[in-house]
Amino acid sequence: MLKDFIRKRSIHICLVCTGGCNGCDIEVAALLSQRYDLEQYGIFLHNNPRECDALLVTGTVAKQWQEKLVEFYDKVPEPKAVVAIGACALSGGIFQQEGDKVSAPVSDIIPVDAEVPGCPPRPAEIASAVLKYVPPALASYRRKS
Ligand code: SF4
């Protein structure tokens with residue numbers, strides 16, 4: 001019962017990789033290790049957008065991902081936040097030269113509340129961005145509605 005109470009007041013995140021080298025995804029996965037222990041901050045990783053508060057988006061948004069990313073975003077219940085992670089999500093990164101096969105930045109496709117630069121960013125930087133930007137984004141989303 002206490003666990004349910006606390007989980008309702010936690011941040012539930014969903015990771016979406018939209019095309020890249022998966023380096024950023026490995027850094028997000030590292031957050032679940034004992035070294036970083038993401039859950040100690042009340043952040044839980046899900047694979048279902050319908051159960052999350054925030055989307056963590058990595059990758060260049062390959063052309064095939066453009067519509068799917070919007071579908072993912074629409075499935076997240078309100079209030080919601082988006083954190084774009086890594087150079088690919090912010091600008092296309094090393095995949096910029098692929099031209100029209102790449103739809104980055106993520107902010108051109110869906111609203112982004114926080115950006116974490118780096119190739120890849122460190123796990124601590126990702127956790128810090130989630131803790132710093134997601135709660136205010138959710139609160140302001142509530143105020144808007
Ligand atoms: S930002 Fe760098 S590490 Fe992350 S997916 Fe792109 S190339 Fe890989």
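Is Thr 60 buried or exposed? In this predicted model, the relative accessible area of Thr 60 is 4%, and because burial is assigned under 20%, Thr 60 counts as buried. The residue lies in the loop that links strand S3 to helix H3 (66–75). Leaving aside residues up to four places away in sequence, Thr 60 is in contact with Thr 18, Gly 19, Cys 88, Gly 92, Phe 95, Val 102, Ser 103 and Ala 104.

The sheet may be considered next. Five strands make up an open sheet with parallel pairing, and their order is S2-S1-S3-S4-S5. Strand S2 (43–46) and strand S5 (114–116) occupy the edges; each has a single partner strand, so one side of each is left without a neighbour in the sheet. On average, and with direction ignored, neighbouring strands of this sheet are turned by 25° against each other.

Within this order, strand S3 (residues 54–58) pairs with strand S4 (residues 81–85) in the parallel sense, over five bridges. Ala 54 is placed opposite Ala 81 of S4, and Val 57 has Ala 84 in S4 as its bridge partner. From S3 the chain passes through H3 to S4, giving a right-handed β-α-β crossover.

Strand S4 itself is mostly covered, with five of its five residues buried. Its side chains can be followed in two sets: Ala 81, Val 83 and Ile 85 point one way from S4, whereas Val 82 and Ala 84 point the other way. The residues of both sets are buried.

S4 also pairs with S5, in the parallel sense and over three bridges. Here Val 83 of S4 stands opposite Ala 114 in S5. The connection from S4 to S5 runs through helix H4, and this β-α-β crossover is likewise right-handed.

Helix H4 leads on to the ligand. The shell around the ligand consists of Cys 21, Gly 23, Cys 24, Gly 86, Ala 87, Cys 88, Ile 94, Gly 118, Cys 119 and Pro 120. Helix H2 (23–30) and helix H4 (86–91) each contribute at least two residues to this shell, and H4 gives the most, with three residues. By class, the shell holds seven nonpolar and three polar residues, and no charged residues. One of the shell residues, Cys 88, is also among the contacts of Thr 60, the buried loop residue with which this account began.

How values were computed: Residues are numbered from 1 along each chain as its sequence is written. This is a predicted model: local features need pLDDT of at least 70, side-chain atom pairs count only at pLDDT 80 or more; totals for chains, interfaces and linings use all residues. Side-chain values use heavy atoms; hydrogens and water are left out. A residue is near a molecule or strand if one of its heavy atoms lies within 4 Å of it. Helices (H or I, at least four residues) and strands (E, at least two) are DSSP runs, numbered from the N terminus. Ala, Val, Leu, Ile, Met, Phe, Trp, Tyr, Cys and Pro count as nonpolar, Asp, Glu, Lys and Arg as charged, and the others, Gly among them, as polar. Two strands pair if DSSP finds at least two bridges between them. Axes are lines fitted to C-alpha atoms, for helices over the stretch in contact, and angles run from 0 to 180 degrees between N-to-C directions. Buried means under 20% relative accessible area, exposed over 50%, partly exposed in between (1.4 Å probe, protein chains only). Contact means heavy atoms within 4.5 Å. A crossover is right-handed if, with the strands pointing away from the viewer, the path from the first strand over the helix to the second runs clockwise.
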